[in-house]
Amino acid sequence: MEDAISRPRNTRIAVVTGANRGIGLEVCRQLAVNGITVVLTALDEGMGAEAIEKLKGLALSDVLFHQLDITDVSSIARLANFLNTRFGKLDILVNNAAVGGVVYSQDPVDDLESREEKFNLMDRDQRLEWLCRNCRETYNAAKEGLQTNYYGTKHVIEALLPLLKASDDGRIVNVSSDFGLLRHFRNEDLKQEVNDVSKLTEERLDQLLDQFLRDFKAGTAEARGWPVAFAAYKVSKAAVNAYSRILAAKQPALRINCAHPGYVKSDITLHSGLLTPEEGASNVVKVALLPDGRVTGAFFEEGKKLASFV
Ligand SMILES: NC(=O)c1ccc[n+]([C@@H]2O[C@H](COP(=O)([O-])OP(=O)(O)OC[C@H]3O[C@@H](n4cnc5c(N)ncnc54)[C@H](OP(=O)(O)O)[C@@H]3O)[C@@H](O)[C@H]2O)c1
């Protein structure tokens, strides 16, 4: 097979989800610059092909494309099959794909220049307030947020786990968010239950997420102490964090960590962020390429390990 012949046996293989734009595309570029063979995945084949062309234009040739919709189990299975046949292992999985869990009131890239001028006069809090004012939290968007950000990520991990275990240094980086830290939960019992991963099970996590959606639909989410403002996004990322910790304990041979890239100018923030996608991606790649050491089940905020998920 062409790839088996041209690649040294110890070449590391990485998969990045949602990599046609934003932080994901930059993560692919930076991994490829580090000599890693990158499988750039995207929901849309056309956008994926364009992204590959951009990287090839930078003389990064060891980048391949594979379609992946993280909410579609058959699409995930096709990717797993492809990786198994082509490489027989996976060294690094970067779960980057996500949605905002909200309906935006403006196009992410419309009139970007004048928006940028406005943002330059704002601090972080003012930018977040602006973002909040330009989003609506609907039930359908909240449900899509959980389905994509948590269940989609989890299904990708489950399907690729055997390939990661076939690597001698398998790593998962879940691109999470400081919005997923438990300080945003205002119900102390709930916060403690999600934080105590020695008792929390995946089944219980599912029940809690179902409860969140019921409360959201009934308009009682705030009163019950769920996070406010980007509620579904925060809950989905808190679930990703909790699941990462549960899995890290079950799979001690792997390194499974969460990375907050920082507040980045990308479509998901309507480009209101403070960092460039390059800067955000480097905070993710740092975690993917952690030097030897057995850090697992940890949360990294802009490259620095936090003491807890609270
Ligand atoms: N930007 C920030 O300030 C910030 C802060 C904290 C965490 N993060 C996290 O960083 C990651 C990257 O976000 P970003 O800022 O680069 O946002 P972005 O520019 O909006 O990129 C999101 C990516 O996810 C993809 N995606 C969405 N649903 C998908 C699905 N079902 N299957 C496959 N791909 C899907 C999108 O594909 P399409 O182009 O096809 O829609 C896009 O490529 C996310 O996990 C986000 O939560 C971002």
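**View 1. The ligand in its pocket.** In this predicted model, the ligand occupies the space of the largest pocket, where a pocket is, on a 1 Å grid over the protein atoms alone, an open set of points with protein on both sides within 12 Å along at least five of seven lines, and a molecule sits in it if more than half of its atoms lie within 2 Å of its grid points. Local features need pLDDT of at least 70 and side-chain atom pairs count only at pLDDT 80 or more, while totals for chains, interfaces and linings use all residues. Residues are numbered from 1 along each chain as its sequence is written, and side-chain values use heavy atoms, with hydrogens and water left out.

**View 2. The shell around the ligand.** The ligand is surrounded by 29 residues (a heavy atom within 4 Å), the closest being Arg21, Asn96, Tyr233, Val264 and Ser266. By class, the shell holds 13 nonpolar, 12 polar and 4 charged residues, and at least two of its residues come from each of helix 2 (22–33) and helix 10 (231–250).

**View 3. Polar contacts of the ligand.** Among the pairs of N or O atoms within 3.5 Å, a polar side-chain atom of Ser266 is 2.5 Å from a ligand oxygen atom, and a polar backbone atom of Asn96 lies 2.7 Å from an oxygen atom of the ligand.

**View 4. The open sheet.** The sheet is open and mixed in pairing, with 8 strands in the order 3-2-1-4-7-8-9-10. Strand 3 (63–67) and strand 10 (304–305) are at the edges with a single partner strand each, so one side of each lacks a neighbour in the sheet.

Notes. A polar contact is a pair of N or O atoms within 3.5 Å; within protein, one must be able to donate a hydrogen and the other to accept it, and residues adjacent in sequence count only if both atoms are side-chain atoms. On a 1 Å grid over the protein atoms alone, a cavity is a set of points where a 1.4 Å probe fits but cannot get out, and a pocket is an open set with protein on both sides within 12 Å along at least five of seven lines; lining residues have an atom within 4 Å of a point. Helices (H or I, at least four residues) and strands (E, at least two) are DSSP runs, numbered from the N terminus. Ala, Val, Leu, Ile, Met, Phe, Trp, Tyr, Cys and Pro count as nonpolar, Asp, Glu, Lys and Arg as charged, and the others, Gly among them, as polar. Two strands pair if DSSP finds at least two bridges between them.
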